[in-house]
Amino acid sequence: MKKVFLSLLILCVIACKESTTQTENAQAKLNQLAEKYIRLGLTIGQYDSDFVDAYYGPDSLKPKTQPKAMFPKDSLLAAVNGLIGQLIEFNQTVSDDTLARRAKWMSGQLIAFGRRINIYTGKFQAFDEESKDLFGVAAPSYPESHYQALVAQLDSLLPGPGSLNSRFEKLANQFIIPKAKVDTVFKTAIAEARKRTLAHYQLPANENFTLEYVTGKPWSGYNWYQGNYQSKIQISIDMPIFIERAIDLACHEGYPGHHVYNMLLEKNLYHDKGWTEISLYPLFSPQSLIAEGSANYGIEIAFPGTQKNKFVKEVLLPLAGLNTTNTDLYFQALALKSKLAYARNEVARGIINNTMNESEVTKWLTNYGLREKTLASKDINFIKKYRTYVINYNFGQDIVKDYIESNGGTSDNEAKRWELFEWLLSNQVRPTDLIKPTK
């Protein structure tokens, strides 16, 4: 009996060793594919200056040669397709769920590589097909009547004579931050957002950011992640900055938005687990839907309910030297206006699909985006440069919000909400991981 038991024990040890060896070999193979993924992404970035949003991996994976005179479209597409094929083949043989998820995540990113290569060379698809390839989803489309109903609600909310746009502009102009106060207001908002985030997350001790004010950009704010838990946050000051934008950008670009997202990925996946592929952040990829969606929802995470209104009224407005009268009305109007966000998607859809002429684009941005001429022009410039990227802000936010709240992260369970949000910021999450399958 003892001999039988000993024999079974020896067989079990051998089987365990074989299983461990197989997993280690599979991991080594996937790590090699991850290095190919990095090299390929960085090579594309040599030509397409908007492709690489951040890279903090080893210098050894950076291209050793100068870019060619002509963009090598065919060879890059062949490399993308070849690597996708290798990852699919890898997943057919691997039994480890973690390794399989890493391979699927890279495959989704690589599909976006291929689509971006085609866009860079002037080969386009329709709006929904493009967004599926780049960001893993197609955003819903609403009829014009949807926006007309929202505008009617806003119209009934705002008192006084004149057009809706003029009445909204008159109200909003009461809350423009004086230029001399912009830096103070922003730094105060960022400090508060950071304090609220640190109450729930332990961030790296050396994390930090620099804050810069810039002009001539198509966006209102940008986080350039530098690696080693450092960011450069840029704020555009071309246009007047309204008081609520201080909190929005503090959360979106900083805490618990892009800065925290990139830090947690770098710490938990790159340093702690050695997953090289995460050190490259390709801007036009499904990762951006998670990044932008979580950054926008992060505003509500940090300032839930009426807390944003309260902080603006009690802290930021006095700091800016602005009157707090009409603050509640302003935030009610902003809440309704935020529901019009998908109108910009329709404008982008119209521009990309060539189904809207110039006057229709202007009408939609004016009537449903409530944009005056200069801001409308800035929106158009953004769409022409970033194309379907616009869906990441609104549809991305809705996807993140629905996932967190449907899993218990509701307004009355703040701890669960922060817990789920941290998981989202700390893992290789694909958009399909967050969307409930339709029956």
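In this predicted model, Glu35 has a relative accessibility of 32% and therefore counts as partly exposed. Its salt-bridge partner is Arg39, and the closest N and O atoms of the two are 3.9 Å apart. Arg39 is also partly exposed, at a relative accessible area of 37%. The two residues belong to helix α1, which covers residues 2-47, and stand four residues apart, about one turn of the helix. An α-helix has 3.6 residues a turn, so residues three or four places apart point the same way.

This pair is one of 28 salt bridges found in a search of the whole structure. Side chains of opposite charge can pair when their charged atoms come close. In another case, the side chains of Glu130 and Arg387 meet with an N to O distance of 2.7 Å. This salt bridge links distant parts of the chain: Glu130 lies in helix α4 (residues 127-135), while Arg387 is in the loop between α15 (373-386) and α16 (391-406), 257 residues apart. Both Glu130 and Arg387 are buried.

A further salt bridge joins the side chains of Arg417 and Glu405, at 3.4 Å from N to O. Here Arg417 comes from helix α17 (residues 414-426) and Glu405 from helix α16, with their positions 12 residues apart in the sequence numbering. Arg417 has a relative accessible area of 4%, and because buried means under 20%, Arg417 is buried. Glu405, at 26% relative accessibility, counts as partly exposed. Through shared partners, salt bridges join Glu300, Lys401, Glu405 and Arg417 into one network.

The next element is a sheet. Three strands form an open sheet in the order β2-β4-β3, and their pairing is mixed. The edge strands, each pairing on one side only, are β2 (208-214) and β3 (221-227). From one strand to the next, the twist averages 20 degrees. Strands β2 and β4 (residues 230-236) run parallel and are joined by seven bridges. Within this pairing, Val214 stands opposite Ser236 of β4. Helix α9, residues 258-271, packs on the sheet and touches β2, β3 and β4; the direction of α9 makes about 20 degrees with that of β3.

Helix α8 occupies residues 243-254. Its 12 residues reach 17 Å from the first C-alpha to the last, close to the 16 Å expected at 1.5 Å a residue. The helix is mostly covered, with 11 of its 12 residues buried. Among these buried residues are Ile243, Ile247 and Leu249, together with Glu244, Asp248, His252 and Glu253.

The chain as a whole can now be described. The protein chain holds 18 helices and five strands. Its C-alpha trace spans about 95 × 50 × 45 Å along the principal axes. For 439 residues, a compact globule would have a radius of gyration near 22 Å, and the protein chain, with 24 Å, agrees with this. Of the 439 residues, 48% are buried. Among contacts between residues at least 6 apart in sequence, 73% join residues at least 24 apart. The salt bridge between Glu130 and Arg387, which links distant parts of the chain, is a case where the separation is 257 residues.

Definitions and conventions:
Residues numbered from 1 in each chain as written. Predicted model: local features only at pLDDT ≥ 70, side-chain atom pairs only at ≥ 80, totals over all residues. Heavy atoms only, no water. Pairing = 2+ DSSP bridges. Axes fitted to C-alpha atoms, helices over the stretch in contact; angles between N-to-C directions. Contact = heavy atoms within 4.5 Å. Salt bridge = Lys/Arg side-chain N within 4 Å of Asp/Glu carboxyl O. Buried < 20%, exposed > 50% of the residue type's maximum accessible area, 1.4 Å probe, protein only. Expected span 1.5 Å × (residues − 1). Rg over C-alpha atoms; globule rule 2.2 N^0.38 Å.
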